[in-house]
Amino acid sequence: MRHPDDHPQPPSTSPGSPASGAFAPGAQTRDDRLLSALLTTAFVVLLAGALLRYVLKHGDSDRLPWIVGLSVVLAVVQVAGQARPGSRRAGRVRLAVVVACWVVVVLLAPSFAWCAVPLIHTALRLLPTCSAVALVTALATLVVLAELRLADGFDPNHLLLPPVVAALATGVFVYLTREATRRQHLIDDLVRTRRELAATERREGTLAERQRLSREIHDSLAQGLSSQNMLLQAADRQWDTDPEAARTHLRTAASIAAHGLTEARRLVHDLAPADLAEGAGLAQALATLAARESRDGLTVRFHAEGPDTHLPDQAASALLRTAQGALANIREHSGARTAALTLTCLDDTVALDVADDGRGFPAPEPGGTRDPLGDPDPLRGHGLPAIRARLRQLGGTLAIESTPGEGAVLTATIPLTPATPPAP
C-alpha cells in the first residue's frame with residue numbers, strides 16, 4: 001500500500017567523520033564520544049520525525065503498530081549502543097539488527113528512508129571496505145526505491161541524490177581513513193627513528209665515557225701503580241746493601257699508595273682529581289704535584305705567571321691530568337734530573353708548560369701515530385693520544401718541542417670562554 005507522504009529533506013551530515021554513533025566500538029577520546037553522541041542523536045531525531053509524520057498522516061493505518069514497534073526497537077538498540085559501545089563484533093551485530101529493522105520499516109513506510117545516512121557511516125566504520133561498499137550500495141538503492149515510491153512523478157533528484165550522498169560519504173571516509181593510516185605510519189617511522197637515534201647517542205655517550213674513564217684511570221691510578229712498582233723494585237735491589245735507602249723507597253711507595261687510594265675514592269665519587277678537591281685551585285694542585293714528584297733524583301719546580309684566575313673545573317682537571325701524565329713519562333722515559341711546570345693564565349687562555357732536561361726525542365710529525373712520550377707497549381699507557389683527546393674536548397691544543405739530547409717542552413693550551421656581562 002503506497003502512502004502519499006511528503007518528500008522529506010535529507011539531513012545535514014559529515015560523511016567523512018571518523019566515528020558513527022553507537023556503532024563505534026571502543027571509542028576512547030572525547031571527540032569520538034561527542035561525535036558518537038551526535039550521530040546517535042541525529043538518527044533518533046530522524047527516526048522520531050519520520051514516525052511523527054507517519055502518525056499524523058496515517059494514524060488509522062493497520063501498519064501503525066508494526067512501525068511504532070520497529071521504531072522503538074531501532075531507538076533502543078541505537079541508544080544502548082551509545083551507552084555501551086562494546087567490541088567491534090558486538091557493533092556489527094547491532095548494525096545487522098538495525099539494518100534489518102530499518103529495511104522492514106522502509107518497506108512499510110518509505111519516509112523512513114533517510115535514516116540510512118547514519119547507517120552508511122556505521123557500515124564504513126565497522127565493516128571491511130568491500131563489505132561496507134556493498135552494504136552502502138544496497139542502502140542507497142533502497143533509498144532510491146523509497147524516494148521513487150514517494151514521488152508523484154519522475155524527479156531526477158530522487159534518482160541521483162541518494163547515490164551521490166552515499167558515494168560522497170564512502171569516498172571521503174575511505175580517503176580520510178587512508179590518510180590517517182599514512183600519517184600513523186609516518187608517526188611510527190618518526191618514533192622508531194627517534195628511538196634509534198637515542199640508542200645511537202647512548203652508545204656514543206657510553207663509548208666516550210669509557211674513553212674518559214680510561215684516561216682518568218691512566219693518569220691517576222695506573223701512573224701511581226707504575227711509580228710504586230719502580231720504588232718497590234729499587235727497594236728490593238737495595239734491601240741488603242742499603243737498608244735505609246730501601247726503607248725510604250718503601251715509605252715513598254706507601255705515600256704514593258695512600259695518594260692513589262684518595263684518588264680512587266675521588267674517581268668513584270665524582271671523577272675529579274684529588275688535588276683539586278675541597279676547592280683547591282689549579283696552581284695549588286700543581287705545586288702539590290711538583291712537591292710530591294720531587295724524589296728519586298728528579299726535582300720538579302712549579303711557577304705560575306699571570307693573575308690568579310679561577311679556572312673552570314674541566315679546564316683545571318684537564319691541565320692537572322696533563323701534568324701528571326707528562327711527569328710520569330718524564331720519570332719513566334727521559335732520564336731527566338729536573339723538570340719544570342709553568343702555569344700561565346691570560347684573559348682568554350690558560351697554558352701549561354712541562355719542560356725537562358732529559359734525553360729528548362725527535363719531534364713527532366703532525367698527525368703522526370707515534371707517541372714519543374708514551375710507552376711502546378699499548379697495554380701500559382695512553383700517552384699523548386689521551387692528552388690530546390682531553391684537550392681537544394675543551395677546544396685546546398697540544399704542542400711539543402724536543403731535540404735529542406736537549407730535553408723536551410710540552411705545552412698544553414686551553415681557551416677560556418669570556419664571562420657574559422650582566423644585563424643592565
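Over residues 95-120 the chain is 73% helix and 0% strand. The C-alpha atoms at the two ends of this stretch lie 10 Å apart. These values come from a predicted model. Residues 126-146 are 90% helix and 0% strand, and here the end C-alpha atoms are 25 Å apart. Both stretches are listed under "transmembrane region" in an unreviewed UniProt entry. The same entry also lists residues 34-52, 64-83 and 158-176 under that heading.

Helix 3 covers residues 88-108. Its 21 residues reach 30 Å from the first C-alpha to the last. That span is close to the 30 Å expected at 1.5 Å a residue. The buried residues of helix 3 include Gly 91, Arg 94, Leu 95, Val 98 and Val 99. Cys 101, Trp 102, Val 105, Val 106 and Leu 108 of helix 3 are buried as well.

Two packed helices are described by the angle between their axes and the distance between the axes. Helix 4 spans residues 116-126 and helix 5 residues 129-150. Their axes come within 9 Å and cross at roughly 170°. Helix 4 is therefore roughly antiparallel to helix 5, because an angle over 145 degrees counts as such. Helix 4 contributes Ala 116, Leu 119, Ile 120, Ala 123 and Leu 124 to the contact. From helix 5 come Ala 132, Leu 135, Val 136, Leu 139 and Val 143. By class, this contact of helix 4 with helix 5 holds 10 nonpolar residues, no polar and no charged ones.

Two further sites were examined. His 249 lies in helix 7, which runs over residues 243-269. With a relative accessible area of 13%, His 249 counts as buried, because the cut-off for burial is under 20%. Neighbours within four places in sequence aside, His 249 is in contact with Leu 231, Ala 234, Ala 235, Gln 238 and Asp 296. Gly 281 is placed in the loop between helix 7 and helix 8 (282-293). Gly 281 is partly exposed, at a relative accessible area of 33%. The C-alpha atoms of Gly 281 and Ser 317 are separated by 10.0 Å. Along the chain, these two residues are 36 residues apart.

For the chain as a whole, the model has 10 helices and five strands. Of its 424 residues, 40% count as buried. Among contacts with a separation of 6 or more, 69% are accounted for by residues 24 or more positions apart.

Terms used
Residues are numbered from 1 along each chain as its sequence is written. This is a predicted model: local features need pLDDT of at least 70, side-chain atom pairs count only at pLDDT 80 or more; totals for chains, interfaces and linings use all residues. Side-chain values use heavy atoms; hydrogens and water are left out. Helices (H or I, at least four residues) and strands (E, at least two) are DSSP runs, numbered from the N terminus. The expected span of a helix is 1.5 Å times one less than its number of residues. Buried means under 20% relative accessible area, exposed over 50%, partly exposed in between (1.4 Å probe, protein chains only). UniProt positions are given in the numbering used here, feature names are shortened, and annotations may be inferred rather than shown by experiment. Axes are lines fitted to C-alpha atoms, for helices over the stretch in contact, and angles run from 0 to 180 degrees between N-to-C directions. Angles under 35 degrees count as roughly parallel, over 145 as roughly antiparallel, 65 to 115 as roughly perpendicular and the rest as oblique. Contact means heavy atoms within 4.5 Å. Ala, Val, Leu, Ile, Met, Phe, Trp, Tyr, Cys and Pro count as nonpolar, Asp, Glu, Lys and Arg as charged, and the others, Gly among them, as polar.
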